[in-house]
Amino acid sequence: MQPISAGEFSYGSDQHGLVWGFLFGRAPQPVAINARDAAAWLQQSHKAPHEFIWLHFNLSNTASEKWMHEQARVVTEFSEALHDGSRSTRIELAGDALVAVLNDVLHDFSLDTAYTATMWLHVTQYMLISTRRTPLKSIERLRQAVARGDALRSTLELLIHLFHDQGDVLVSIVRQATARVDQVEDNLLAGRLTERRADLGALRRVLIRLQRLLAPEPAALFRLLQRPPHWMAETDMQALRQSTEEFSVVLSDMSALQERIKLLQEEIAAHVNEDNNRSLYVLTIVTVLALPINIIAGLLGMNVGGVPLAGHPRGFWIVVGIVATFTVLAAWLLIRKHQRD
């Protein structure tokens, strides 16, 4: 076993699908372990009371499930969760183990792509197994915290730290979205709006999708707090309750931001309709003002006999006067109607 190094891990995996592994409690700092060391530790009949391991697997490697079944002896409910196809966020008690299905954003998440994926966790008193098919942001933040040497004394503290990391990721997403909405709002108030309603709609859809995938999590945690495993300490229950409350606040902020985006969309739509109405009004005025000259020009331009003023020396100016009179009259009627409205 070798001490951990903050930069030695990649998102690949070994022949057993293990991306990284840590042994806690044997040394002041967590110790990096491979699949062989983890298997040997799991086979020990008597484990030190303060030792536990965290193993992170890549499910894209087909050997990972076989190793977890044979060496870690994961519960049946965990194996079923890997294949049931449901992305619903939940955390359940299965015997003495906790089985969690969590949704998280990808490691290279951005508001323009907004891709999410699922991770599965199997938690016992001495072991935490996390699995995923694509790199995820929250689990990477947890690995970095372990690499920094954050004090983690149990598998539940690891799980709670993961919930806090997930909440921090969501807070960051909400801040990015809020900054973008603030800019749109400032441009709207300054009259130099460049964002389209479709862009705001895409941002709102991202927030709705994230909330839909993550919103069930607080309810699932509350159910767990009502029926915790026997090895869960009171301090862990308090920390889990706090993380649940923090997560609920983030989801509430996300809902408020969605409503704010909706109001901005309505405001932009009102501005667009107002601009369209103004353009139509101007076009109507031009059409009405041009109506007298078009009618008179059409009449006088007919190639028939008897056209009035055809031989008069000042016929052109007389027609111009008639056109000007009718045009002024039409303009006066329009202005009067506009003032009345």
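**View 1. Surroundings of L158 in the predicted model.** Leaving aside neighbours within four places in sequence, L158 is in contact with seven residues named here: F24, F52, W54, L128, L142, V146 and L152. L158 is also, with W54, L121 and L159, among the residues that touch the most other members of the largest nonpolar core.

**View 2. The largest nonpolar core, with its 35 residues.** The elements that each contribute two or more residues are strands β2 (18-24), β4 (52-58), β6 (97-105) and β7 (116-123), together with helices α4 (137-148), α5 (155-190), α7 (216-226) and α8 (234-300). The greatest contribution is that of α5, at six residues. In soluble globular proteins, nonpolar side chains tend to be buried together.

**View 3. A second core, separate from the largest one.** This core has 25 residues, including W67, F78, V99 and V101.

**View 4. The aromatic pair of F57 and W67.** The structure holds five aromatic pairs. The pair of F57 and W67 is tilted, with 5.4 Å centre to centre and 40° between the planes. Because F57 belongs to strand β4 and W67 to helix α2 (residues 63-72), the pair ties together parts that are ten residues apart in sequence. F57 is buried, at a relative accessible area of 0%. W67 is buried too, with a value of 6%.

**View 5. An aromatic cluster and the arginine R143.** One aromatic cluster is formed by W20, F22, F24, F52 and W54. R143 lies over the face of W20, 5.8 Å from the ring centre. Two members of the cluster, F24 and F52, are also in contact with L158.

How values were computed. Residues are numbered from 1 along each chain as its sequence is written. This is a predicted model: local features need pLDDT of at least 70, side-chain atom pairs count only at pLDDT 80 or more; totals for chains, interfaces and linings use all residues. Side-chain values use heavy atoms; hydrogens and water are left out. A nonpolar core is a set of buried Ala, Val, Leu, Ile, Met, Phe, Trp, Tyr and Cys residues joined through side-chain atoms within 4.5 Å. Buried means under 20% relative accessible area, exposed over 50%, partly exposed in between (1.4 Å probe, protein chains only). Helices (H or I, at least four residues) and strands (E, at least two) are DSSP runs, numbered from the N terminus. Contact means heavy atoms within 4.5 Å. Rings of Phe, Tyr and Trp (its six-membered ring) pair if their centres lie within 6.5 Å; planes under 30 degrees apart count as stacked, over 60 as edge-to-face and the rest as tilted. A charge sits over a ring if NZ of Lys or CZ of Arg is within 6 Å of the ring centre and within 35 degrees of the ring normal.
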